[in-house]
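Have your viewer open and your selection tool ready. We will start with the whole chain and then move from stop to stop.

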Amino acid sequence: MDAGRAIFETVDKLRQRRTGPLVLELDLTEGLTEGPPSDPVAAVLSMRKTRLSDVLSGLRRAARDSRVKALVVKLGGNPMGLAMVQELREAVTRFRASGKLTVAYAETFGEFSGGTVPYYLATAFERVYLQPSGDVGLTGVAMEQRFLKGALTKLGVAVEAGQRHEYKTAVNTFTQDHMTEPHRESMTRIVESVAEQLVHGIAEGRRLDPAKVRELIDRGPFTASEAQETGLVDALAYRDEVYDEVRRATGGEAHLLFVSRYARSAAVRKLPHPMADCIALVHGSGQIRSGRSGRSPLGGGGAMGSDTISAALRAARRDEHVKAVVFRVDSPGGSYVASDTVWREVTLTRRVKPVIVSMGDLAASGGYFVSMGADVIVAQPGTLTGSIGVYGGKPVMTDLLQKIGINTELVADGVNAGMFSTARGFSPEQWDRVNGWLDRIYDDFVGKVAESRGLTRERAHELARGRVWTGADAHANGLVDELGGLEHALALARERARLADDAPVRVYPRLNPLERLRGPESSEDKSAALARMRLDAWGPLARLSAELGLPAAGPLSLPGWYIIR
């Protein structure tokens with residue numbers, strides 16, 4: 001009898017969870033992953049991380065689901081890039097417009113540290129709660145760069161490098177001891193543009209005058225009580241108190257469910273027919289390099305391999321059920337040759353079906369190169385893009401090696417056989433070759449920008465010169481077509497393909513378990529798009545390896561400090 005009652009109660013609870021009211025939860029303390037795992041290591045590392053695409057699709061579906069009564073999000077912890085934060089703000093705003101309650105709470109927005117960007121995200125919610133012991137690190141926007149020339153000189157290292165043109169400042173870290181005027185001009189405008197976006201969003205979300213928000217930024221950071229007094233937060237409360245408030249506001253019977261679980265369960269219930277017309281989603285993240293995507297076992301960021309991305313685009317192009325392609329790019333750039341390989345596949349795909357690029361936090365230098373051939377480029381206002389330029393060179397460690405007692409001798413057959421040795425500088429004739437190489441790459445890059453974006457060569461050069469733009473400024477200057485996130489890009493793809501608003505999205509390449517195990521038959525096989533663990537990568541030591549003259553990421557690259565958090 002007791003066993004029967006227990007079974008009945010269990011079944012009844014499951015039924016209530018399936019049909020009863022829901023409060024969706026999202027924990028952002030560990031951040032979000034941009035896309036699906038690119039390799040076995042990434043799969044393990046991201047096993048418990050929430051995917052951005054699941055959050056976006058889940059909130060879009062939840063806005064129309066009468067069972068869902070509210071959304072409660074915990075903020076803080078690992079910082080997220082500005083463009084990803086703007087994607088989340090858009091999704092929350094759409095969900096909130098459906099009339100459902102949205103609540104953000106944080107233990108702190110920065111603990112004796114800046115917290116402007118996470119607080120900016122919080123202002124998209126109807127109510128903002130802060131733990132009484134927390135702070136609001138609303139301090140504004142700052143970008144800082146250190147220059148290593150003086151230290152390298154003391155060590156006996158000289159960096160010989162060229163760049164095209166004055167705004168291509170990645171190499172300035174090693175060749176300058178201060179900001180050049182173009183460098184300062186570019187960074188100043190990025191900071192101004194980002195600050196404008198943050199002030200506007202905070203003012204709109206908290207119903208404050210923009211001038212008041214700027215005043216508050218100059219007064220920050222704030223203690224919890226100060227934040228409540230100035231209207232930056234609605235109330236001070238611990239987690240249990242926040243959840244009690246949410247339960248009371250939603251009737252007290254709602255079941256808590258993570259957004260990602262909700263999204264996946266909803267997707268399972270509505271599995272599309274395997275032969276249904278769809279949108280292909282191809283993710284390209286990390287430094288761009290030849291070969292296959294993956295990451296080092298030593299850690300560090302992943303790599304966008306030209307072979308992997310090209311194979312994925314070919315698979316989507318040849319699939320008759322794919323009616324349009326969305327290429328999600330989140331990359332600071334890298335190899336020119338690898339970028340050109342991906343660009344070619346984008347242009348070939350565009351001849352057959354629409355290609356929409358959705359830019360993430362970064363789509364600069366090589367990241368812009370692989371994007372520019374698309375029908376439409378979509379970016380967030382806070383995306384960092386452009387950086388249309390090139391640099392190249394090498395560190396010369398002759399003095400350093402001599403200081404530590406290392407003598408280097410060269411035996412070579414060929415005038416320029418030792419050209420790239422770090423034990424000696426370039427000869428005048430070798431410098432001519434370096435400059436010819438830089439000019440060729442820059443001319444190709446700018447020419448393709450002009451052709452792809454419908455600009456004159458002169459106008460493309462004016463916008464290029466290595467300058468980094470925010471998405472907002474890139475849009476104003478014609479380097480980006482529309483402002484928005486991944487959901488907007490998918491909507492554009494469905495529209496161009498004449499598909500329904502709920503047409504399925506499939507990540508490419510699509511592989512069954514057998515195809516994953518057997519390996520590709522040729523480079524034309526779609527399983528050639530599988531990523532791998534890169535045993536040849538330097539992981540977190542990549543930058544140091546480049547500085548020491550070991551194989552670098554590539555000439556079309558943006559420095560890591562350009563990320564706005």
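Our first selection is helix 13, so pick out Ser306, Thr308, Ile309, Ser310, Ala311, Ala312, Leu313, Arg314, Ala315, Ala316 and Arg317, which are buried. Keep in mind as you look that this is a predicted model. Now extend the selection to residues 306–318 to see the whole of helix 13. It is mostly covered, with 11 of its 13 residues buried. From the first C-alpha to the last, helix 13 reaches 18 Å, close to the 18 Å expected at 1.5 Å a residue.

**Zoom out for a moment**

Show everything as a cartoon, and you have 22 helices and 26 strands in view. Of the 565 residues in the protein, 53% are buried. Switch on a surface and you are looking at about 26,000 Å² of exposed area, 52% of it supplied by carbon and sulfur atoms. Among contacts with a separation of 6 or more, 77% are between residues 24 or more positions apart.

**The neighbour of helix 13**

Add helix 14 to your selection, residues 336–352. How do the axes of helix 13 and helix 14 cross? They come within 9 Å and cross at roughly 5 degrees. Angles under 35 degrees count as roughly parallel, and helix 13 and helix 14 are therefore roughly parallel to each other. To see the contact itself, show side chains for Ser306, Ile309, Ser310, Leu313, Arg314 and Arg317 on helix 13. Facing them on helix 14 are Ala338, Thr341, Val342, Glu345, Val346, Leu348, Thr349 and Val352.

**From helix 14 to helix 17**

Stay on helix 14 and select aspartate 340, then add lysine 448. Their side chains meet in a salt bridge, 2.5 Å from N to O. Lysine 448 sits in helix 17 (residues 428–453), so this pair ties together parts that are 108 residues apart in sequence. Is each partner buried or partly exposed? Aspartate 340 is partly exposed at 23% relative accessibility, while lysine 448 is buried with a relative accessible area of 12%.

**A network of charges**

The structure holds 26 salt bridges, and two others deserve a stop. Select aspartate 473 and arginine 189, whose closest N and O atoms are 2.7 Å apart. Here helix 19 (residues 471–476) is linked to helix 8 (residues 181–206) by a pair that is 284 residues apart. Aspartate 473 is buried at 13% relative accessible area, whereas arginine 189 is partly exposed at 22%. Add Glu192 and Glu196 to the selection: salt bridges that share partners join them with Arg189 and Asp473 into one network.

**A bridge between loops**

Next, centre on arginine 465 and glutamate 166, a salt bridge with its closest N and O atoms 2.6 Å apart. Arginine 465 is in the loop between helix 18 (457–463) and strand 22 (468–470), and glutamate 166 is in the loop between strand 8 (158–164) and helix 7 (172–175), so the pair ties together parts 299 residues apart in sequence. Glutamate 166 counts as partly exposed, at 31% relative accessibility.

**Last stop: threonine 50**

Finish by selecting threonine 50, in strand 3 (residues 50–51). Threonine 50 is buried, with a relative accessible area of 14%. Which residues does it touch, leaving aside those up to four places away in sequence? Display Leu26, Leu32, Thr33, Val55 and Ser260 to see these contacts of threonine 50.

Definitions and conventions:
Residues numbered from 1 in each chain as written. Predicted model: local features only at pLDDT ≥ 70, side-chain atom pairs only at ≥ 80, totals over all residues. Heavy atoms only, no water. Helix = DSSP H or I, 4+ residues; strand = E, 2+ residues; numbered from the N terminus. Expected span 1.5 Å × (residues − 1). Buried < 20%, exposed > 50% of the residue type's maximum accessible area, 1.4 Å probe, protein only. Contact = heavy atoms within 4.5 Å. Areas by Shrake-Rupley, 256 points an atom, 1.4 Å probe, with all protein chains shown as cover. Salt bridge = Lys/Arg side-chain N within 4 Å of Asp/Glu carboxyl O. Axes fitted to C-alpha atoms, helices over the stretch in contact; angles between N-to-C directions. Parallel < 35°, antiparallel > 145°, perpendicular 65-115°, else oblique.
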